[in-house]
Amino acid sequence: MNQSAPVPARTQVAIIGAGPAGLLLGHLLHRKGVDTVVLENRDRAYVERRQRAGILEQGTVDVLRATGAAAGMDARGLRHDGIELRFEGESHRIDFPALTGRSVMVYAQTEVVKDLIALRLAADAPLAFEAEALDISGIEGESPQITYKHCGVEHTLTAEYVVACDGFHGVGRRVMPEAGKRTFERVYPFSWLGVLADVAPSCDELIYAHSPEGFALHSMRSPKVSRLYLQVPPDTDLAEWSDDRIWNSLARRFAIDGDWKLETGPITEKGITPMRSFVTEPMRHGQLFLAGDAAHIVPPTGAKGLNLAAADVTLLAAALVRRYTSGDTSDLDTYSTRALRRIWRAEHFSYAMTSMLHTSPTDDAFDHRLQISQLRHLTESKSAATSLAENYTGLPLPTLTLLT
Ligand code: RFL
Ligand code: PHB
């Protein structure tokens with residue numbers, strides 16, 4: 001089944017984008033009786049296969065569990081209680097529960113997306129694939145409209161609220177008026193080359209490695225599939241990175257004094273991810289709201305993008321439920337301010353992790369000494385390690401009572 005119930009011409013909340021933000025928002029609102037329509041530009045297979053995040057912080061896990069969307073995660077997700085930091089040939093563990101009482105879940109974004117699509121289709125709630133939002137109008141009035149193209153035909157969807165969960169290149173941010181809008185950006189002078197490989201992970205927990213050749217990350221998708229990343233220059237041509245070159249480079253970056261070995265296997269997918277920090281403020285104009293990557297991007301070193309998207313829509317769903325149950329719009333009015341507080345914390349954490357672990361072409365010996373000093377501090381100071389663990393496992397979300 002590739003399509004849900006027919007898309008009506010009117011709804012209460014129109015959602016653009018069926019990534020994690022749009023799908024989770026649709027799920028949370030549908031459960032509480034708010035009418036929604038989700039429009040997604042791509043086809044279902046593409047959305048379900050797009051390789052991205054792998055780590056769910058505790059708050060994201062809690063929302064999925066509290067709202068009946070955790071069956072897949074609880075069956076196949078892997079709870080992780082720490083990460084490993086490697087530098088100067090040494091390995092150090094950060095123990096999350098000991099420091100914060102919290103942990104994270106390794107469960108791929110592709111799986112979260114598949115689970116939420118299956119729930120939405122089973123509930124017969126409107127979700128249209130290959131439906132591209134072209135424009136949003138009337139956001140300053142009470143009946144904003146989305147013009148979208150579905151199967152080559154243009155349609156109009158009228159709503160009470162529009163939520164743009166349409167990622168960094170979507171239409172939502174574009175239609176926000178320039179006056180009053182501010183954007184903040186940092187582009188990093190390196191990218192990540194990410195691979196998916198059919199080989200059992202060489203570690204029990206994720207490894208974040210600082211090395212003279214640059215950063216490397218060992219993650220995983222299942223007990224039989226590894227996900228690995230290595231820092232490369234921003235203009236990298238994938239064709240220049242043979243499987244052998246990737247494995248050899250990863251092995252050198254993860255090397256420690258001792259007998260640890262990186263297991264290798266067939267690489268099934270390769271991709272390059274540019275590294276960027278970006279925030280747009282505010283996240284609302286009139287009846288249009290932004291959520292997830294549509295409003296902000298973090299470099300993936302802190303594993304925060306998907307989790308911020310989930311946190312945004314959890315706040316927004318609770319505010320919309322309050323509006324539809326009691327007519328009270330005050331939580332909608334403060335959504336942008338409240339969401340941005342968490343977003344800037346994650347921006348800072350992601351920036352700090354990225355700066356501490358990557359080698360920049362402009363770095364000199366002074367920068368290198370600072371990075372090593374910071375890494376050593378994390379392994380020697382309980383308060384420094386606790387701060388990392390708090391940020392990595394994520395700030396607690398506000399109460400979920402309105403959504404359960
Ligand atoms: P998405 O996932 O980009 O979804 C947006 C959806 O909107 C659709 N769309 C439109 N639909 C209709 N009409 C239009 N005009 C449209 N324009 C766009 C798109 O087709 C798409 O389906 O945004 P969302 O939902 O906000 O979710 C954000 C996350 O996807 C993203 O932040 C994370 O993947 C970031 N990220 C990570 N986040 C984590 O929390 N933990 C991680 O471990 C993590 N690792 C990563 C990552 C991102 C990576 N890449 C590839 C950028 C690792 C990588 C390598
Ligand atoms: C992933 O598994 O894709 C992943 C994990 C941790 C990160 C980034 C990506 O920081």
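## Ligand 2 and the second largest pocket

β15 gives the largest share of the shell around ligand 2, with 3 residues. Keep in mind that this is a predicted model. In total, 15 residues surround ligand 2, and the closest are Tyr208, Ser219, Arg221, Tyr229 and Pro300. Sorted by class, that shell holds 9 nonpolar, 3 polar and 3 charged residues.

Now for the polar contacts. Oxygen atoms of ligand 2 pair up with both backbone and side-chain atoms, as listed here.

| Residue | Atom facing a ligand 2 oxygen | Distance |
|---|---|---|
| Tyr208 | N or O atom in the side chain | 2.8 Å |
| Pro300 | polar backbone atom | 2.8 Å |
| Arg52 | polar backbone atom | 3.3 Å |

How much of the accessible area of ligand 2 does the protein cover? Taken on its own, ligand 2 has 280 Å² of accessible area, and the protein covers 97% of that. As for which elements do the surrounding, β14 (206–209), β15 (216–222) and β16 (225–232) are the ones that give two or more residues to the shell.

Next, the second largest pocket, which has a volume of about 310 Å³. It is lined by 18 residues, and those closest to its centre are Tyr351, Ser355, Met356, Asp363 and Gln371. At least two lining residues apiece come from β13 (182–197), α10 (330–357) and α11 (365–380). If you're after the chemistry of that lining, the class split is 8 nonpolar, 7 polar and 3 charged residues.

Technical notes
Residues numbered from 1 in each chain as written. Chains lettered and ligands numbered in written order. Predicted model: local features only at pLDDT ≥ 70, side-chain atom pairs only at ≥ 80, totals over all residues. Heavy atoms only, no water. Near = heavy atom within 4 Å. Polar contact = N/O pair within 3.5 Å; in protein donor to acceptor, adjacent residues only side chain to side chain. Areas by Shrake-Rupley, 256 points an atom, 1.4 Å probe, with all protein chains shown as cover. Helix = DSSP H or I, 4+ residues; strand = E, 2+ residues; numbered from the N terminus. Nonpolar A, V, L, I, M, F, W, Y, C, P; charged D, E, K, R; others polar. 1 Å grid on protein atoms, 1.4 Å probe; cavity = no way out; pocket = protein on both sides within 12 Å on 5 of 7 lines; lining within 4 Å. Points joined across faces, edges and corners; volume = space filled by probe spheres on them.
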